[in-house]
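User: Please take a close look at one buried position in this model, its loop and the helix that follows. I should then like the description to be extended to the other notable backbone sites, the domains and the surroundings of the ligand.

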Amino acid sequence: MEKKRVLVIGGGIAGVTSALELAKNGREIFLVEREPSIGGHAASFCCKATDVCNKCSVCLVPERMKEVGIHPQISLLTTSEVREINGEAGDFRVKIVRKTRFVDPDRCTACGICSEVCPVESPKAISLPYPGVVPPAFVVDKDRCLRLQGQECTICQDKCPTQAIDFDQGPQEIDLDVEATIVANGFDVFDAREKAPLGYGKYPNVLTGLDMEERLLKDGAILLPSNGRPPQDVAFIQCVGSRDEHIGNGYCSKICCKYAMRFSRLLQYQNPEVKVTVFYMDLQNAGKGFGDFYEQCKENIRFVQGIPVEISQVSPDQLAVRYEDLSQGKTVEESHDLVVLSVGITPRKDARNLAGILGVNLGDFGFFDGLTQIENTSTNREGIFLAGCCQGPRDIPESIAHGTLAALRAVRTLT
Ligand SMILES: Cc1cc2nc3c(=O)[nH]c(=O)nc-3n(C[C@H](O)[C@H](O)[C@H](O)COP(=O)(O)OP(=O)(O)OC[C@H]3O[C@@H](n4cnc5c(N)ncnc54)[C@H](O)[C@@H]3O)c2cc1C
């Protein structure tokens, strides 16, 4: 019997989950991902365990990526994007453009010789973005590669034992017939530079939650960018880019309070002397077991109700944080050596473009319109479903649940 084919757009944890669920239900899946690897945001996040697991769920991501990478029913189309979709539920015709990635993932064995011989230093112009990348193939950084900057260099190409590198390869057009589509193109992280008074990009010791994720994954610890020493007094500022009507983001991102508390515990586990303050508006501590976790956090973490509006640098290693203390009704200024801005989830800047290609509507705040309040997996176009943060903020477990639900909806409509 011919297997029914489904297109999944976006290889973050939501799209990966939909693809696996569809495969379990006997479908053939084409997973289109615009980047060279699947995994989405959470693939570059760190485990936040201390002596115990703090249930951040980040470990669920590599497991599922690996499963997708080897699944016989799932075809991965990386560095690819959908350009057109015509037809109707049960009979969609899709045009996909696969941009050149210069390294053929089917030939690359990830041996690393290309990176060793690359003459560009710190970082190399060809590298493995992180261990466990799927597909396991090296990636060329177009802005650093001498060849792609117009120079004569072909050293990596000449040395590659499997002839996986090809600088002359052009984009490729792929036509597919599918019966349903799941959109899982995810989100953008709020750009903290939009909140100029908070000093991100200006003061080195102001980081974001995303910086913390990436640095902890890479280095296992946080050091002050100004002097390379461990921080002693850290402030987290919540709701940066979320619950903020002035910038049109009136919604809660649902993830920032949890990651801030988990980071706080991890910093104190790594250095019990470090002082941590969390400035918040309202704490989002819903979720199984999270209320108890918050109670434990309160023992060693100072929680202050009041959101700082301005940060200034008073010395190379000290920042002054000014805020309205709501409990005392007055403005207070205090110093910290590291400030972490808890940035949230925003709709992707290119969401409107994809919505136009697919003929589906955007809803509140620019996320995809999920039509119902409970499931939020349907769109105005029959046969096209939504999964994960493209529809609204969700953490990893919720994105997995949503991805599963979207797949089951697609299966149900097609049978
Ligand atoms: C700073 C920060 C820390 C967080 N920490 C945690 C945590 O500790 N625990 C937790 O549970 N959650 C955490 N989250 C939330 C978590 O990141 C999300 O729940 C999860 O990433 C959602 O997955 P997704 O697949 O919906 O979206 P994404 O992760 O954004 O994946 C979407 C994928 O679609 C691809 N894509 C985009 N557009 C296209 C297109 N047009 N065509 C093809 N592909 C496309 C993208 O390249 C990407 O691979 C955090 C979020 C932030 C911002």
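Analyst: Ser57 counts as buried because 20 C-beta neighbours lie inside 10 Å, and a count of 20 or more is what the term requires. The model is a predicted one, and the description below is to be read accordingly. Ser57 sits in the loop that runs between β2 and α2. Its backbone deserves attention as well: phi is near 75°, a positive value in a residue other than glycine.

The helix at the end of this loop is α2, residues 60-70, in which Val61, Arg64, Met65 and Val68 are buried. These residues lie on the same side of α2, because the arc they cover around the axis is only 105°. Glu63 and Ile70, by contrast, are exposed and are carried by the face of α2 turned away from the buried side. The cover over the buried residues of α2 includes the helices α1 and α9 as well as β2 (28-32) and β3 (74-77). Strand β2 therefore appears twice in this account, as one end of the loop that holds Ser57 and as part of what covers α2, where the buried residues share one side because their arc is only 105°.

A second buried position may be set beside Ser57. Ile96 belongs to strand β5, residues 91-98, and is classed as buried because 20 other C-beta atoms lie within 10 Å. Beyond the neighbours within four places in sequence, the contacts of Ile96 are Val32, Leu77, Ser80, Glu81, Val82, Arg83, Ile174 and Leu176. For one of these, Glu81, the C-alpha atoms are 5.5 Å apart in space, while the two residues are 15 residues apart in sequence.

Positive phi recurs at Cys239, where the value is near 60° in a residue other than glycine. Cys239 is located in strand β12, residues 233-240, and is buried, since 23 other C-beta atoms lie within 10 Å. The backbone also contains cis peptide bonds. One joins Ser122 and Pro123, with omega about -10°; Pro123 is placed in the loop between α3 (113-117) and β6 (126-127). Another joins Val134 and Pro135, with omega about -5°, and Pro135 lies in the loop from β6 to β7 (139-140).

On the scale of the whole chain, the protein is divided into domain 1, which comprises 5-99, 171-186 and 348-414, and domain 2, which comprises 190-345. The contact between them takes 14 residues from domain 1 and 19 residues from domain 2. On the domain 1 side that touches domain 2, the residues comprise six nonpolar, three polar and five charged. The centres of the domains, taken over C-alpha atoms, are separated by 31 Å.

The ligand is surrounded by 38 residues, the closest being Gly10, Gly12, Gly40, Gly186 and Gly388. Domain 1 and domain 2 each contribute at least three residues to this shell. Among its elements, α1 (13-24), β10 (187-189), α5 (209-219) and α9 (396-414) each supply at least two residues. By class, the shell divides into 19 nonpolar, 12 polar and seven charged residues. Helices α1 and α9 thus serve the ligand shell and also cover the buried residues of α2, which share one side of that helix because their arc is only 105°.

Notes. Residues numbered from 1 in each chain as written. Predicted model: local features only at pLDDT ≥ 70, side-chain atom pairs only at ≥ 80, totals over all residues. Domains from an automatic or database assignment. Contact = placed C-beta atoms within 7 Å. Nonpolar A, V, L, I, M, F, W, Y, C, P; charged D, E, K, R; others polar. Near = placed C-beta within 6 Å. Helix = DSSP H or I, 4+ residues; strand = E, 2+ residues; numbered from the N terminus. Buried ≥ 20, exposed ≤ 12 C-beta atoms within 10 Å, placed from the backbone. Arc of directions from axis to C-beta.
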